[in-house]
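The exercises below concern charge pairing, strand pairing and burial in one protein chain. Please work through each task with the sequence and coordinates open before reading its solution.

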Amino acid sequence: MSLQDTLSNGVKQAVDSNFNVSIDTVEFQATRKEFAGDITVVIFPMLRLIKGNPVQIGETIGHFLVDNIAEVKAFNVVKGFLNVEISDAYYLDFFNNIKQENTFGFISPKAEEKAVMVEYSSPNTNKPLHLGHIRNNLLGYSVAEILKASGKKVYKTQIINDRGIHICKSMLAWKRFGNGETPESTGLKGDKLVGNYYVKFDKEYKKEIQELMSRGLSESDAKKQAPILIEAQDMLLKWEAGDEETVGLWKKMNGWVYAGFDETYKNLGVDFDTLYYESNTYLLGKEFVAEGLASGVFHKEEDGSVWCDLTEDGLDKKIVQRADGTAVYMTQDIGTAIQRIKDFPDVGGMVYTVGNEQDYHFQVLFLILKKLGFEWAKNLYHLSYGMVDLPSGKMKSREGTVVDADDLINDMATTAEEISEELGKLDGYSKEEKKELYKTIGLGALKYYILKVDPKKRILFDPKESIDFQGNTGPFIQYTYARIQSILRKGDLDNAISWNSVEMTLHSKEKELIKQIQLFPEVVQNAAENHSPALIANYTYDLVKEFNSFYQNVSILGADNETEKVFRVQLSHVVANTIKNSFGLLGIQVPERM
């Protein structure tokens, strides 16, 4: 039973025995720093049932807790707040139980529980990954790790958008202007090479629009009649019909892109358990469009297009198949969801990590899947997140004004090198050690800066600001971890020794640190429930601040006696382990020295 549960039961008993009143819930909050105490019982909500002075009511409950609850050693009442002091014995007992537990706060999955599938990344094969993809990947990967730590079995996946008009645009531009060049002949990563032709298509398309407008066509008509667009649309129809030459080109160019993606994922430190391709799943989507037509979930318009009318549900009408029989995004998303459950029958829910511009799309998708009769559709969650901006403004792929993911990862390591050299923190490191450390610091800064923000909020990303060895940053937390490792190397950690309140009294800073560690399991569960790595990130910062206050106020290796020294080294070890575990949930490495 948790401390809060123990106190809650004690307060209920106190109210029952002293006031002959039964209360259902007890409201707690952290005790304010200026008052003695570890946890505060809020008396005001009880005044609806108990008549009297809140201070006297608090005094009565406080005396009952001291007399009847072993963990409570003292109390004080400030207005309507009962501040409860918890005994050192309680905190030492807790510490003894967890100090050798390397995965404290994590829960193993139960065999009988349904698994969760987390989708993230889900790129198009017509361009390289960019800064927006980085936020997507970091969020999805972290949420998957947090769900695992909370006790769920998790599958990490992505749906690769490898078909559609946008893919044909890159293919057509390469066919027209590429002169047979390849990643090998150009020295470019395959995803970058293909991305260049997506930009090239857009430039040529705009030229043709201007040409048609100069002949008297309206902009709207010119956009529809541009020959290069008509040819790309024809290429899509050929692809869906299985035209050998078109499919061969598609396979070749997509192969270049996949090799490029794999390199970026490795550098970013994210992975997947399984991959899905729209080119495979859209056909299953079309099967279920036919089923939905037969069951009345969908209807066909006069032009042959298929729609789902969701107006009675407060939404709109949604097309699920074009008049020419080709699939739309909704078709393939329906197919992908159904295919995943077929492949993984133990999956009971899915998390889709997709930007907030797709909020409406996922409302519609989830509702359609429910209407098609899938029970698991009620357990679908859209992890919606805000866009990432740079000081220079919004990114646009087709115009080639995106921040390339590979370039950003490299730039972060370079920035980490510049700042580290300025601070002179790396004397005695070999060239290779420095290079690896710059990458760890740079990537840690990038990930922490993005993940510490609530997913729903838009981010203005400033690389320089993210690499700061002070404040709420990844490098500050990494540096604290490395500092603790230095203490542990000098302090001869002995975790076998246990403690009791007879032989030692806790310093207030030691107690505050243990209280912060104690919160970790609850933070993991809250982060899982809210799909929010920000809760883990900001908890870790609070823990590190608490440790640094402890470090500045008490001597660890120079403690007054051996008992204090051994205990404080143990406590430092648990803090370091908690930092490492929480940063692991964010996909961030921690260096042994800095």
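**Exercise 1.** Determine how many salt bridges the model contains, and establish which parts of the chain are tied together by the pair K152 and E113.

*Solution.* The structure is a predicted model, and the search turns on one cut-off, namely a side-chain nitrogen of Lys or Arg within 4 Å of a carboxyl oxygen of Asp or Glu. Under that criterion the count comes to 34 salt bridges. One of the pairs to examine is K152 with E113, whose side chains meet at 3.6 Å, N to O. K152 lies in the loop between α4 (131–149) and β6 (154–160), while E113 lies in the loop between α3 (88–98) and β5 (115–119), so the pair ties together parts that are 39 residues apart in sequence. As a last step, consider accessibility: K152 is partly exposed, with a relative accessible area of 31%, and E113 is partly exposed as well, with a value of 34%.

**Exercise 2.** Decide whether E145 and K156 are buried or exposed, and then locate the partner of R458.

*Solution.* Begin with the contact itself, in which the closest N and O atoms of E145 and K156 are 2.9 Å apart, forming a salt bridge. The two residues belong to distant parts of the chain, with E145 in helix α4 and K156 in strand β6, 11 residues apart. Both E145 and K156 are buried.

Turning to R458, its salt-bridge partner is D389, and the closest N and O atoms are 2.6 Å apart. Because R458 lies in the loop between α15 and β14 (459–460) and D389 in strand β13 (residues 388–389), the pair ties together parts that are 69 residues apart in sequence. D389 has a relative accessibility of 15% and therefore counts as buried. Salt bridges also occur as a network, which links K33, D38, D88, K511, E512 and K515.

**Exercise 3.** Find which residues form a positive surface patch, and identify the helix that gives the most to the patch.

*Solution.* The residues of the patch are K266, K431, K435 and K439. Helix α15 (residues 431–451) gives the most, with 3 residues. K431 has its place in this helix, and K431 is exposed, with a relative accessible area of 73%.

**Exercise 4.** Work out the strand order of the open sheet that contains β9, and explain why β8 and β10 each have one side without a neighbour.

*Solution.* The sheet has 3 strands in the order β8-β9-β10, with antiparallel pairing. Since β8 (299–300) and β10 (317–321) stand at the edges and each has a single partner strand, one side of each is left without a neighbour in the sheet. Between β8 and strand β9 (residues 306–309), which run antiparallel, there are 2 bridges, and H299 stands opposite W307 in β9.

**Exercise 5.** Describe how the two faces of strand β2 are covered, and trace the pairing of β2 with β1 and with β4.

*Solution.* In strand β2 (residues 39–42), I39 and V41 on one side and T40 and V42 on the other are all buried, so that both faces are covered. Strand β1 (residues 28–29) pairs with β2 in the antiparallel sense over 2 bridges, and the bridge partner of Q29 is T40 in β2. The antiparallel pairing of β2 with strand β4 (residues 81–86) runs over 4 bridges, where V42 has F81 in β4 as its bridge partner.

Notes:
Residues are numbered from 1 along each chain as its sequence is written. This is a predicted model: local features need pLDDT of at least 70, side-chain atom pairs count only at pLDDT 80 or more; totals for chains, interfaces and linings use all residues. Side-chain values use heavy atoms; hydrogens and water are left out. Patches are made of residues with over 30% relative accessible area and no salt bridge: like charges are joined within 9 Å, nonpolar side chains (Val, Leu, Ile, Met, Phe, Trp, Tyr) within 5 Å. Accessible areas come from the Shrake-Rupley method with a 1.4 Å probe; for residues, only the protein chains shown count as cover. Lys and Arg count as positive and Asp and Glu as negative; His and the chain ends are not counted. The place of a charge is taken as NZ of Lys, CZ of Arg, CG of Asp or CD of Glu. Buried means under 20% relative accessible area, exposed over 50%, partly exposed in between (1.4 Å probe, protein chains only). Two strands pair if DSSP finds at least two bridges between them.
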